[in-house]
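This report concerns the strand pairing and nonpolar packing of one protein chain. Please examine the sequence and coordinates shown below.

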Amino acid sequence: KSDKTIEDELVEKESNAQVMKGKEIITAKYKSSLLENKLTSIALSRLTMEGDTPVATLYPSEIKKLLGRQSDTNIYKKLIATAKTMTGHQMVIEDNNGNFEVMAMITNAHYEDGVFTVTFNKKIAPFIYNIKGSYTSYSLANVLRFRCDYSFRIYELIKSEAWHLKKGDPNSYWVKDYGLSELKCRIG
């Protein structure tokens with residue numbers, strides 16, 4: 001019999017999980033903290049649909065383990081602060097024709113009886129759940145290691161261009177130029 005608890009198994013499964021985001025979300029312009037990015041990625045790795053609304057359920061003890069903060073006694077205060085900012089941030093989704101839409105990615109964050117529930121804006125459901133168009137997929141474990149919010153966003157942008165590379169060819173490369181102002185705006 002294994003000494004692993006059910007919670008340990010969930011954490012191990014989550015750290016091996018994949019995060020999927022549509023191109024529109026990856027290239028959207030928004031500002032967010034590293035903790036917000038990590039919590040959003042954890043939530044995206046375990047999305048379910050309630051009607052037409054994407055929802056994710058997280059547990060603070062799992063969050064602490066996934067973030068490597070088992071000894072953090074202030075996780076609830078951090079969740080409150082982060083929930084306030086996550087629900088208040090606006091993102092700008094643009095197309096190549098100069099059209100744009102401004103919206104919140106997360107509309108509600110709720111904590112009750114040891115369960116932290118994140119509700120995503122139903123307008124972005126096509127870009128985060130059963131994605132039909134272009135999307136980027138990456139390992140949750142990779143992004144949980146980041147220590148800077150800017151490196152997180154740059155990783156997403158670079159990862160979104162990886163489809164250009166020839167699979168299995170170590171000499172394959174792709175060059176993507178960003179103007180400094182554009183990059184600063186894109187990563188917040």
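The following sections describe a sheet, a hairpin and a nonpolar core.

## Model and sheet

The model is predicted. Four strands make up an open antiparallel sheet, arranged in the order β2-β3-β7-β6. At its edges lie β2 (48-50) and β6 (106-112), each of which pairs on one side only. Disregarding direction, neighbouring strands of the sheet are turned by 30° against each other on average.

Helix α5 (residues 75-88) packs on this sheet and touches both β6 and β7 (115-120). The direction of α5 makes about 160° with that of β6. At the β2 edge, three bridges join β2 to β3 (residues 53-58) in the antiparallel sense. Thr48 has Val55 of β3 as its bridge partner.

## The β4-β5 hairpin

Strands β4 and β5 (residues 100-104) pair in the antiparallel sense through five bridges. Glu94 is bridged to Phe100 in β5. Five residues separate the two strands of this hairpin, and Gly98 in the turn has a positive phi of about 85°.

The two faces of β4 (residues 90-94) contrast: Met91 and Ile93 lie on the covered face, whereas Gln90, Val92 and Glu94 lie on the uncovered one.

## Nonpolar core

The largest nonpolar core comprises 41 residues, and the most contacts inside it belong to Leu58, Ile63, Met91, Met105 and Phe120. Helix α3 (residues 34-44) supplies the largest share of this core, six residues.

Apart from residues up to four places away in sequence, Ile63 touches Leu39, Leu58, Ile75, Leu79 and Phe116. Met91, another of the core residues with the most contacts, belongs to the covered face of β4.

Conventions:
Residues are numbered from 1 along each chain as its sequence is written. This is a predicted model: local features need pLDDT of at least 70, side-chain atom pairs count only at pLDDT 80 or more; totals for chains, interfaces and linings use all residues. Side-chain values use heavy atoms; hydrogens and water are left out. Buried means under 20% relative accessible area, exposed over 50%, partly exposed in between (1.4 Å probe, protein chains only). Two strands pair if DSSP finds at least two bridges between them. A nonpolar core is a set of buried Ala, Val, Leu, Ile, Met, Phe, Trp, Tyr and Cys residues joined through side-chain atoms within 4.5 Å. Contact means heavy atoms within 4.5 Å. Axes are lines fitted to C-alpha atoms, for helices over the stretch in contact, and angles run from 0 to 180 degrees between N-to-C directions.
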